[in-house]
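Please walk through this model with the sequence and the structure side by side. The text below goes from one site to the next.

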Amino acid sequence: MNIRPRRLRASAAIRDMATETRLHPSNFIAPLFLIEGENCKEEIKSMPNYFRFSLDLLLEEVQELWDMGVRSALLFAKAEDHLKDNEGTEAINPNGLMQRGIRAIKEVCPDICLMSDIAMDPYSSFGHDGIVYQDEILNDETVDLLTEMAITHAQAGADMVAPSDMMDGRIGAIRIALDTAGFINTGIMAYSAKYASCFYGPFRDALDSAPGFGDKKTYQMNPANSIEGLKEAQLDINEGADIIMVKPALSYLDIIQLIKENSPIPVSAYHVSGEYAMIKAAAEKGWLNEEDAMVEVLTSIKRAGADLIATYFVKDIIGFLKNYQ
Ligand code: PBG
């Protein structure tokens, strides 16, 4: 035997030298849940150790994340029930919670790359990502709303808007609208291959945004499809996206790889709420080591080709990386 692969695994030093994939704090995007109120920090039941914050406390959280080395945050705002309707009126309120949140975060932490969620579901009385007409989710009417929403986020100071809705043509429409309004430097992170997944369950608890009827299968993708994911990614690249995303991550590592191999722009992956909850639940039962599972999963997402990873483990993984280095 002249080739013995085990030689490269013989000691911690050699294994370290031969490591192909390394996680770094700058790889991570921190999802943030903003709620109305003051001095509120609520744990999300199905996402242990992850919280919704009122703006005052969220500002401290963002500062802490920045100081740890996180470069980017992805903001979601929970709309109060009485503000929800079928037109998404509150989504385009220049003084809505999201818009106030963006302004305040950029004031306190101007250097962080702040991305804002663009989608109707937190504002929709139907819990859908689009305007509903006779049980149908209207595409073009929704895109019009999303472009207006993006402009209010850009006006508030968002560095990037992140459309998570899966309507057709929204990236191009948002790009044109931003440019026309003078926001040529506001970027777009497109949720390009977003699958109709059961793993979003805990997130819908966090924002109280579960669909009131039906499901999201007429706009989010069929989990059985991969070439279609490539098509969605290529469309978004052509329409002007700066970063494209695959979501969820762990069940879609092949999609991340396929899209990364074909993309001239950075690829992100969203390690979603249900993926977080699975590890938390198994660890709580003593069936998995939480830290080992977190590191293995996040490493595998980067190994598949994700340049950036949005994850609720953001603080834990950076803490781990700090101890390790
Ligand atoms: C909705 C949206 C969802 C997530 C991000 N934006 C849920 C959905 O599509 O129903 C899920 C994120 C997660 O599960 O962590 N626009």
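Which residues does serine 209 touch, not counting residues up to four places away in sequence? The model is a predicted one, and in it serine 209 touches Asp121, Pro122, Gly127, Phe203 and Arg204. The residue belongs to the loop between α6 (201–207) and α7 (227–239). Its relative accessible area is 1%, and buried means under 20%, so serine 209 counts as buried.

Helix α7, at the end of that loop, is also one of the elements against which the buried residues of α5 pack. Helix α5 covers residues 170–180, and its buried residues are Arg170, Ile171, Gly172, Ile174, Arg175, Ala177 and Leu178. Two arginines, Arg170 and Arg175, are thus among the buried residues of this helix. Besides α7, the partners of these buried residues are two further helical and strand groups: the helix α4 (140–156), and the strands β5 (113–118), β8 (160–163) and β9 (187–194). After α5 comes glycine 182, which has a positive phi, near 95 degrees.

Positive phi values also occur at residues that are not glycine. Asparagine 39 has a phi of about 55 degrees and sits in the loop between β1 (28–35) and β2 (41–44). With a relative accessible area of 60%, asparagine 39 is exposed, because the exposed class begins over 50%. Asparagine 49 has a positive phi of about 65 degrees, again without being a glycine. Asparagine 49 is found in a strand, β3 (residues 47–54), whereas asparagine 39 is in a loop. The relative accessibility of asparagine 49 is 42%, so it counts as partly exposed.

Another backbone feature lies further along the chain. The peptide bond that joins lysine 247 and proline 248 is cis, with omega at about -10 degrees. Proline 248 is placed in the loop between β10 (243–247) and α8 (253–261).

The charged surface comes next. Helix α4, already met as a packing partner of α5, gives the most to a negative surface patch, with four residues. The patch is formed by Glu136, Asp140, Glu141, Asp144, Glu148 and Asp168. One of its members, glutamate 141, lies in helix α4 and has 43% relative accessibility, so it counts as partly exposed. Helix α4 therefore appears twice in this account: the buried residues of α5 pack against it, and it contributes to the negative patch.

A patch of the opposite sign is positive and is formed by Arg4, Arg6, Arg7 and Arg9. Of these, arginine 6 is in the segment before α1 (12–17). Its relative accessible area is 68%, so arginine 6 is exposed.

Past α1, in the loop that leads to β1, is glutamate 20. Glutamate 20 has 79% relative accessibility and therefore counts as exposed. Where does the chain come back to this residue? Glutamate 20 and arginine 303 are 283 residues apart in sequence, yet their C-alpha atoms are 8.1 Å apart in space.

Notes: Residues are numbered from 1 along each chain as its sequence is written. This is a predicted model: local features need pLDDT of at least 70, side-chain atom pairs count only at pLDDT 80 or more; totals for chains, interfaces and linings use all residues. Side-chain values use heavy atoms; hydrogens and water are left out. Patches are made of residues with over 30% relative accessible area and no salt bridge: like charges are joined within 9 Å, nonpolar side chains (Val, Leu, Ile, Met, Phe, Trp, Tyr) within 5 Å. Accessible areas come from the Shrake-Rupley method with a 1.4 Å probe; for residues, only the protein chains shown count as cover. A salt bridge is a side-chain nitrogen of Lys or Arg within 4 Å of a carboxyl oxygen of Asp or Glu. Lys and Arg count as positive and Asp and Glu as negative; His and the chain ends are not counted. The place of a charge is taken as NZ of Lys, CZ of Arg, CG of Asp or CD of Glu. Buried means under 20% relative accessible area, exposed over 50%, partly exposed in between (1.4 Å probe, protein chains only). Contact means heavy atoms within 4.5 Å.
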